[in-house]
Amino acid sequence: MLPNLEKYLVELDALSLDPSDYMISGGGTLAVLGIRDCNDIDVIVLDEAGELLKEKYYDNFRQGTHCDKIVFENVEIMWNFKDPIPGH
């Protein structure tokens with residue numbers, strides 16, 4: 001396994017997310033496939049899982065323009081995506 005990916009998956013695992021509640025996106029996907037290592041892991045979670053994490057890790061919470069986020073050192077959790085074109 002790639003060294004950064006292995007370290008970041010330990011961080012992700014520490015959040016105790018149900019695997020059916022999230023997916024790895026961005027460059028982390030390439031790392032999981034063994035194509036290249038990553039600099040961080042972006043994770044998309046179901047809205048319910050995001051809200052539970054927000055309660056637990058509120059100091060890491062950021063309300064963004066496009067989605068809500070919880071930002072850790074190497075793992076970024078995203079949920080509650082907003083419509084980029086309101087009204088569509």
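Let's start near the end of the chain: Asn 80 sits in the segment after S5, where helices (H or I, at least four residues) and strands (E, at least two) are DSSP runs numbered from the N terminus. Asn 80 has a positive phi of about 55° although it is not a glycine. With a relative accessible area of 28%, Asn 80 is partly exposed; here buried means under 20% relative accessible area, exposed over 50%, and partly exposed in between (1.4 Å probe, protein chains only).

Before going further, keep in mind that this is a predicted model, in which local features need pLDDT of at least 70 and side-chain atom pairs count only at pLDDT 80 or more, while totals for chains, interfaces and linings use all residues. Residues are numbered from 1 along each chain as its sequence is written, and side-chain values use heavy atoms, with hydrogens and water left out.

Ser 16 also has a positive phi, near 55°, and is a residue other than glycine. Look for Ser 16 in the loop between helix H1 (3–13) and strand S1 (22–25). Ser 16 counts as exposed, at 61% relative accessibility.

Now to the strands around S4. Strand S3 (residues 61–63) runs antiparallel to S4, and three bridges join them; two strands pair if DSSP finds at least two bridges between them. One position to look at is Arg 62, whose bridge partner in S4 is Lys 69. S3 and S4 form a hairpin, with four residues between them. On to strand S5 (residues 75–79), which is antiparallel to S4 and joined to it by four bridges. This too is a hairpin, with three residues leading from S4 to S5. Across that pairing, Asp 68 stands opposite Trp 79.

What about the two faces of S4? In a regular strand the side chains alternate between the two faces of the sheet. Strand S4 (residues 68–71) has Asp 68 and Ile 70 on its covered face, and Lys 69 and Val 71 on the uncovered one.

Those charged residues bring us to the salt bridges, meaning a side-chain nitrogen of Lys or Arg within 4 Å of a carboxyl oxygen of Asp or Glu. A search of the whole structure finds three of them. In one, Asp 68 joins Lys 82, with the closest N and O atoms 3.2 Å apart. That pair links distant parts of the chain, since Asp 68 is in strand S4 and Lys 82 is in the segment after S5, 14 residues apart. Asp 68 counts as buried at 3% relative accessibility, whereas Lys 82 is partly exposed, with a relative accessible area of 32%.

Another salt bridge brings together the side chains of Glu 76 and Lys 69 (3.5 Å, N to O). Glu 76 counts as buried at 19% relative accessibility, and Lys 69 as partly exposed at 26%.

Lys 69 turns up again when we move to Asp 42, which is found in strand S2 (residues 41–45). Asp 42 is buried yet has no salt bridge, and Lys 69, the nearest side chain of opposite charge, is 7.5 Å away. For that charge count, Lys and Arg are positive and Asp and Glu negative, with His and the chain ends not counted. Which residues does Asp 42 touch, not counting those up to four places away in sequence? They are Met 23, Ile 24, Ser 25, Glu 76 and Met 78, with contact meaning heavy atoms within 4.5 Å.

The remaining salt bridge is between Glu 51 and Lys 54, where the closest N and O atoms are 3.8 Å apart. Both lie in helix H3 (residues 47–56), three residues apart, about one turn of the helix. Glu 51 is partly exposed at 32% relative accessibility, and Lys 54 is partly exposed at 21%. Lys 54 also lies over the face of Phe 61, at 4.6 Å from the ring centre; a charge sits over a ring if NZ of Lys or CZ of Arg is within 6 Å of the ring centre and within 35 degrees of the ring normal.

That leads to the aromatic rings. Rings of Phe, Tyr and Trp (its six-membered ring) pair if their centres lie within 6.5 Å, with planes under 30 degrees apart counting as stacked, over 60 as edge-to-face and the rest as tilted. The structure holds three aromatic pairs. Among them, Tyr 58 and Phe 61 are stacked, at 5.7 Å centre to centre and 25° between the planes. The pair of Phe 61 and Trp 79 is tilted, because the centres are 6.0 Å apart and the planes at 40°. Phe 61 in strand S3 and Trp 79 in strand S5 are 18 residues apart, so this pair links distant parts of the chain. Both Phe 61 and Trp 79 are buried, while Tyr 58 is exposed, with a relative accessible area of 52%. Ring pairs link Tyr 58, Phe 61 and Trp 79 into a cluster.
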